[in-house]
Amino acid sequence: MPAPMPTARRALLVTAAVLTAVPSLVLTAPAAQAAPKPTAKPPSDMSTVGGARLGTPGTQVDLGSGAPVLPKGLTARSWIVADAESGDVLAAHNAHWRLAPASTMKMLFADTVLPKFPKSTEHKVLPSDLAGIGAGSSMVGIKENETYTVHDLWLGVFLRSGNDAVHVLSAMNGGVKNTVREMNEHAEELQALDTHVVSPDGYDAPGQVSSAYDLTLIARSGLQKKDFREYCSTVSAKFPGATTKNKKGKKVREEFEIQNTNRLLSGDSDVDVYQGIAGVKNGNTTNAGATFTGVAERNGKVLLVTVMNPAKQEHNEVYKETARLFDWGFKAAGKARPVGELVPPRSAAQASPQPRASASGETGQAGGGAAGTAGTAGTRPVSGAADGGSRGAGTALGIAAGALVLLAGAAFLVNRRWPLPDLVRRRSRP
């Protein structure tokens, strides 16, 4: 197969957001339902996908001339800092340790299911759609016998980490069992081989695991999709409530506001909105502790950071450690030598060498799965007031459309370069 031609790198323009603090939503699975606690130390035989050093227990970093030292006091069981576009892993700590992922698993759920249904599709919720939701789950507040659009449901998944929204979308996708099967197949395609899905919402379940490395691969894949980028970067939105009758006896649909629980995006009393933050997904359960994968951009450099289960029990510790790793990564970029790489999906090497354009990043389009999604269609930025009241006032990430032409005909080039589509500041809503 001839060597692929290089693609043009697209700069990401993201600005800081300033929002008022919002209450934290942390709902955990009860201990009685949780899987056994993981071992205190990582195994010595972890995966070496992405490089031998990534399978070695402990911290892996190779500081070049002028590179800053890693932040002190990091307590997470596992973490990783990677260049989102080149795939270079700048530093890692127990990157392949298989741990409970909590709701960061919803990134894989979205990357698998989101392309299947146009956002305007409507679905009336049946009681059976909400069966099997774990006790203590985070919920967005979906009501039986009410109708929701797919757009509403995805806002519930990303902003409030609603397990009820996940189960409704799973029901639309042929059921939980079928969805879990497809998620595991998609994880294998992405070479996220530490990941095993038992529940599509990330609720604690025996045998349900992922790793900082895998969650970073999954986030990188999801960010190729326009709708994924929109949902994971939305700070707040209006969500449909119950249907009631007004004083005149006319049926009206109530609505309420939901806020994104990603504290680097929305802020909190002890966490500022992170400059350049653009998503992605947080999680918290009894067994997993706090988990988080984030993407941020500064000066044209795009980084992905995943942090799993900090030992320090301080409020919002997972976001504080993530912010410090982002700070280090932006200072170390171009100075720290890579200790590994984010590998391509399995299908990348089989892609046609013939040039072609891909515009499969939107929902409801064929080929929107694993490796086939690398761009978006259209040419207009998405306004923060668009799509059913979702708003990104002050959001760091918006969506610029524009098809990403891949000269090698693959979403992920053999040399691992996977430029993210252009992202611009989302317009503030009046």
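Which residue in strand 7 is the bridge partner of Lys 245? In this predicted model, that partner is Lys 251. The pair belongs to a hairpin built from strand 6 and strand 7, and it makes a handy starting point for a look at the strands, the nonpolar cores and some of the helices.

**The hairpin**
- Strand 6 covers residues 236-245 and strand 7 covers residues 251-259, and the two pair in the antiparallel sense over eight bridges.
- Further along this pairing, Pro 240 has Glu 255 in strand 7 as its bridge partner.
- Five residues lie between the two strands, and in the turn you will find Gly 249 with a positive phi of about 85°.

**The nonpolar cores**
- The largest nonpolar core has 65 residues, and those touching the most other members are Ile 142, Trp 154, Phe 158, Tyr 213 and Phe 228.
- Helix 2 (residues 150-160) gives the most to this core, supplying seven residues.
- Apart from that core lies another one, of 29 residues, with Val 81, Leu 264, Tyr 274 and Ala 323 among them.
- If you click on Ile 142, look for its contacts with Val 125, Leu 130, Tyr 148, Leu 153, Asp 164, Ala 165, Val 168 and Phe 239; residues up to four places away in sequence are not counted here.

**Helix 2 against helix 6**
- The axes of helix 2 and helix 6 (residues 226-233) come within 8 Å and cross at roughly 55°.
- Helix 2 is therefore oblique to helix 6, and their crossing is right-handed.
- On the helix 2 side, the residues that meet helix 6 are His 151, Trp 154, Leu 155, Phe 158 and Leu 159.
- Their counterparts in helix 6 are Phe 228, Glu 230, Tyr 231 and Cys 232.
- A general point helps when viewing such a face: an α-helix has 3.6 residues a turn, so residues three or four places apart point the same way.
- Trp 154, Phe 158 and Phe 228 take part in this meeting of helices, and they are also among the residues that touch the most other members of the largest core.

**Two covered helices**
- Helix 1 (residues 106-113) is mostly covered, with eight of its eight residues buried.
- Those buried residues include Met 107, Leu 108 and Phe 109, but also Lys 106 and Asp 111.
- Helix 5 (residues 212-222) is largely enclosed by the rest of the structure, because eleven of its eleven residues are buried.
- Among the buried residues of helix 5 are Tyr 213, Asp 214, Leu 217 and Arg 220.
- Tyr 213 turns up again in the largest core, as one of the residues touching the most other members.

Terms used. Residues are numbered from 1 along each chain as its sequence is written. This is a predicted model: local features need pLDDT of at least 70, side-chain atom pairs count only at pLDDT 80 or more; totals for chains, interfaces and linings use all residues. Side-chain values use heavy atoms; hydrogens and water are left out. Buried means under 20% relative accessible area, exposed over 50%, partly exposed in between (1.4 Å probe, protein chains only). Helices (H or I, at least four residues) and strands (E, at least two) are DSSP runs, numbered from the N terminus. Two strands pair if DSSP finds at least two bridges between them. A nonpolar core is a set of buried Ala, Val, Leu, Ile, Met, Phe, Trp, Tyr and Cys residues joined through side-chain atoms within 4.5 Å. Contact means heavy atoms within 4.5 Å. Axes are lines fitted to C-alpha atoms, for helices over the stretch in contact, and angles run from 0 to 180 degrees between N-to-C directions. Angles under 35 degrees count as roughly parallel, over 145 as roughly antiparallel, 65 to 115 as roughly perpendicular and the rest as oblique. A crossing is left-handed if the near helix is turned anticlockwise from the far one by less than a right angle, and right-handed if clockwise.
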